[in-house]
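Dear colleague,

I am passing on the structure we talked about, and you will find it just below this paragraph. After it I have set out what was found, beginning with one residue and its ring partner.

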Amino acid sequence: MSEQVRGRAEGSGRGRPDGCRQALSAAYDTALLDLDGVVYAGGRAIEHAVASLTAARAGGMHLAYVTNNAARTPQAVADQLSGFGLPTTAEDVITSAQAVARLISEQVPAGSRVLVIGGEGLRVALRERGLTPVDSADDGPAAVVQGYDPSLDWERLAEAAYAVQRGVPWFASNTDLTIPKERGIAPGNGALVEVVRIAAGGAPQVAGKPQPPMHRETVLRTGARRPLVVGDRLDTDIEGAWNGGVDSLLVLTGVTTPAELLAAPPEHRPTYVDADLRGLLRPQPEVAADGTGFGCGGWRAEAADGRLALAGAGEPLDGLRALCAAAWTAAGEGSYPADTANALALLGM
């Protein structure tokens, strides 16, 4: 990582969104892209995603797809992306299944049986690490692992609970509580992990974002020197970037709302904010301190008397960036503004 980018990573996203004079695709060598809510939602490509990523790659940026969804194999994900018009190989895809398989392999003997509560992506990743997937708590597993699988039923969750109750080490690919789908927000793997926890107690070791095993897996597989994490979730993508000491871009095409962004604690504050993946192709505007407030584009935001005040006109995203600076700074001074609705309404958010 260059010293210029390293400096931003270590201090960015804390008091205000950063600016960048270059297009982000030129300032960073690799985009570590989340999939659900960033590139696609279910089986549909998100608007502007394909064109933006095609342009970023044509300009020299390496694209790596980093997903907490452990259901499918990297090849299946690559095939879907290629079908959208984004030529992709399995080597371009890093999954939480790969990260958790490595984590398990470091703690159990080679060839061990692992009870799998998840999809084919998890089974393939375990086999690649020399482990043997099994389906029952009575098969003598050395570990039990949970990963997202939309076809999961009660019997599979019960098998996990039986194994955990017997003291078998418990792992989870990720603990995302929700997942974006075409029809809305659906329960994610974390919701199913909670089902097992309620039945059996304890807590699993977690490999996926924002935990360090996922960042380690990504670095090992991509060799990125100046990575930019691109995601739609504060508690996985952005916190994972924070934990890894790298910069991040939040796109507002998935689960995070503007109100949630304003209320974000330091570890959930992205370096940059944009509407969608077109943000990779353009510079990011500076957010400047302006007396007791902050300005960006034609907007000025200030936190006072427990609320956010916004004035001006222009690009709504610039107004949101100014509001982030005002809200995050006020929170750092111990007076987070509770009333943000009126300011966001001015932006149509």
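Y272 has a relative accessibility of 0%, which is under the 20% limit, and therefore it counts as buried. Please keep in mind throughout that this is a predicted model.

By the ring-centre rule used here, the count of aromatic pairs comes to two. In one of them, Y28 and Y272 meet edge-to-face, with 6.3 Å from centre to centre and 75° between the planes. This pair links distant parts of the chain, since Y28 sits in the loop between α2 (24-27) and β1 (30-33), while Y272 belongs to strand β15 (residues 272-274), 244 residues apart. Y28 is likewise buried, because its relative accessible area is 1%, again under 20%.

Y40 and F84 also form an aromatic pair, which is tilted, with 6.1 Å between the centres and 55° between the planes. Here too distant parts of the chain are linked: Y40 lies in strand β2 (residues 40-41) and F84 in the loop between α4 (74-83) and β5 (93-95), 44 residues apart. Is each of these two rings buried or partly exposed? Y40 is buried, with a relative accessible area of 3%, whereas F84, at 21%, is partly exposed.

Turning to the interior, the largest nonpolar core has 29 residues, and those with the most contacts inside it are L33, V39, L53, Y65, V230, L277 and L280. At least two residues of this core come from each of α2, β1, α3 (49-58), β4 (62-67), α4, β13 (227-231) and β14. For L277, once its neighbours within four places in sequence are left aside, the contacts are L33, V38, V39, A49, S52, L53, V230 and V251.

The last residue to look at is L252, which lies in the loop between β14 (247-251) and α11 (258-262). Its relative accessibility is 23%, and because buried requires a value under 20% and exposed one over 50%, L252 counts as partly exposed. Which residues does L252 touch, if those up to four places away in sequence are not counted? They are V273, D274, A275, L317 and L320. Between the C-alpha atoms of L252 and G312, which are 60 residues apart along the chain, the separation is 22 Å.

With best regards

How values were computed
Residues numbered from 1 in each chain as written. Predicted model: local features only at pLDDT ≥ 70, side-chain atom pairs only at ≥ 80, totals over all residues. Heavy atoms only, no water. Helix = DSSP H or I, 4+ residues; strand = E, 2+ residues; numbered from the N terminus. Buried < 20%, exposed > 50% of the residue type's maximum accessible area, 1.4 Å probe, protein only. Contact = heavy atoms within 4.5 Å. Phe/Tyr/Trp six-rings, centres within 6.5 Å; stacked < 30°, edge-to-face > 60°. Core = buried A, V, L, I, M, F, W, Y, C linked by side-chain atoms within 4.5 Å.
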